[in-house]
Amino acid sequence: MSYDVKYDSGNVFAKILRGEIPCSKVYEDQHVLAFKDIRPQAKVHALVIPKGAYVSAQDFGEKASDQEIAAVQRAISKVAKDLGVDKTGYRLIANSGAHGHQEVPHYHVHILGGQPIGKMVSLP
Ligand code: AMP
């Protein structure tokens, strides 16, 4: 997948945004929804997504408004604090496109914490 792929409104996060499937919501505002990852990889694992239809980090950075971009970053800090990892630290991951191993084609940022997260990357 690459950033110029057309947005697929059938993706699972689009369905969550439309209320068609449930999520474990941790934060919401005008531009952002955040919820717990359904298959947590750490004691704390949340996803922060823009409400706008952006495929990837690349797409978001190229097309989103300054307000949307700021809202995602503000939400990350708010969610990290609400989930109690603001002081202990956490890892942010935004898998983007094929080489980034992105599985859900709606831009999202993972917040991973609640325990040491280990080395930054391990290449195959
Ligand atoms: P990525 O590989 O960065 O695209 O990650 C997609 C993430 O979405 C994975 O960590 C999944 O566990 C998570 N995920 C998939 N479906 C759901 C869902 N219905 N609710 C919450 N998280 C989900």
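Colleague: To begin with the loop residues, between which two strands does the loop that holds S96 lie?

Modeller: Please keep in mind that this is a predicted model. S96 is found in a loop, and the two elements on either side of that loop are strand 4 and strand 5.

Colleague: Is S96 buried, partly exposed or exposed, and how far is S96 from Q58 in space, C-alpha to C-alpha?

Modeller: With a relative accessible area of 28%, S96 falls between the limits of 20% and 50%, so S96 counts as partly exposed. S96 and Q58 are 38 residues apart in sequence. In space, however, the distance between them, taken from C-alpha to C-alpha, is 7.1 Å.

Colleague: Is H101 buried or exposed, and what is its phi?

Modeller: H101 lies in the loop between strand 4 (90-93) and strand 5 (109-113), and at 57% relative accessibility H101 counts as exposed, because the value is over 50%. Most residues other than glycine have a negative phi. H101 is not a glycine, yet it has a positive phi of about 60°.

Colleague: H108 also needs a description; which residue supplies the backbone oxygen that lies 2.6 Å from a polar atom of the side chain of H108?

Modeller: H108 lies in the loop between strand 4 and strand 5, and H108 is buried because its relative accessible area of 4% is under 20%. A polar atom of the H108 side chain lies 2.6 Å from a backbone oxygen, and that oxygen belongs to H106.

Colleague: Turning to the ligand, how many residues surround it, and how many residues of the shell are charged?

Modeller: The ligand is surrounded by 16 residues, and the closest are D37, N95, E103, H108 and H110. When the residues of this shell are divided by type, seven are nonpolar and five are polar, while the number of charged residues is four.

Colleague: What share of the area that the ligand exposes when taken alone does the protein bury?

Modeller: Three oxygen-containing contacts can be described before the area itself. A polar side-chain atom of D37 is 2.6 Å from a ligand oxygen, a polar backbone atom of E103 is 2.7 Å from an oxygen of the ligand, and a backbone N or O atom of H101 is 3.4 Å from a ligand oxygen. The ligand, taken alone, exposes 510 Å², and the share of this that the protein buries is 89%.

Colleague: In which pocket does the ligand sit, and which element supplies the largest share of the shell around the ligand?

Modeller: The ligand is placed in the largest pocket. Helix 1 (12-17) and strand 2 (32-36) each contribute at least two residues to the shell around the ligand. The largest share, three residues, comes from helix 1.

Colleague: Within helix 1 there is L17; is L17 buried, partly exposed or exposed, and how far apart are the C-alpha atoms of L17 and D86?

Modeller: L17 has a relative accessible area of 28%, and is therefore partly exposed. Along the chain L17 and D86 are 69 residues apart, and their C-alpha atoms are separated by 26 Å.

Colleague: In the segment before helix 1 there is N11; is N11 buried or exposed, and with the side chain of which residue does the side chain of N11 make a polar contact?

Modeller: The relative accessible area of N11 is 4%, which is under 20%, so N11 is buried. The side chain of N11 makes a polar contact, at 3.1 Å, with the side chain of Y7.

How values were computed
Residues numbered from 1 in each chain as written. Predicted model: local features only at pLDDT ≥ 70, side-chain atom pairs only at ≥ 80, totals over all residues. Heavy atoms only, no water. Near = heavy atom within 4 Å. Polar contact = N/O pair within 3.5 Å; in protein donor to acceptor, adjacent residues only side chain to side chain. Areas by Shrake-Rupley, 256 points an atom, 1.4 Å probe, with all protein chains shown as cover. 1 Å grid on protein atoms, 1.4 Å probe; cavity = no way out; pocket = protein on both sides within 12 Å on 5 of 7 lines; lining within 4 Å. Sits in = over half its atoms within 2 Å of the grid points. Helix = DSSP H or I, 4+ residues; strand = E, 2+ residues; numbered from the N terminus. Nonpolar A, V, L, I, M, F, W, Y, C, P; charged D, E, K, R; others polar. Buried < 20%, exposed > 50% of the residue type's maximum accessible area, 1.4 Å probe, protein only.
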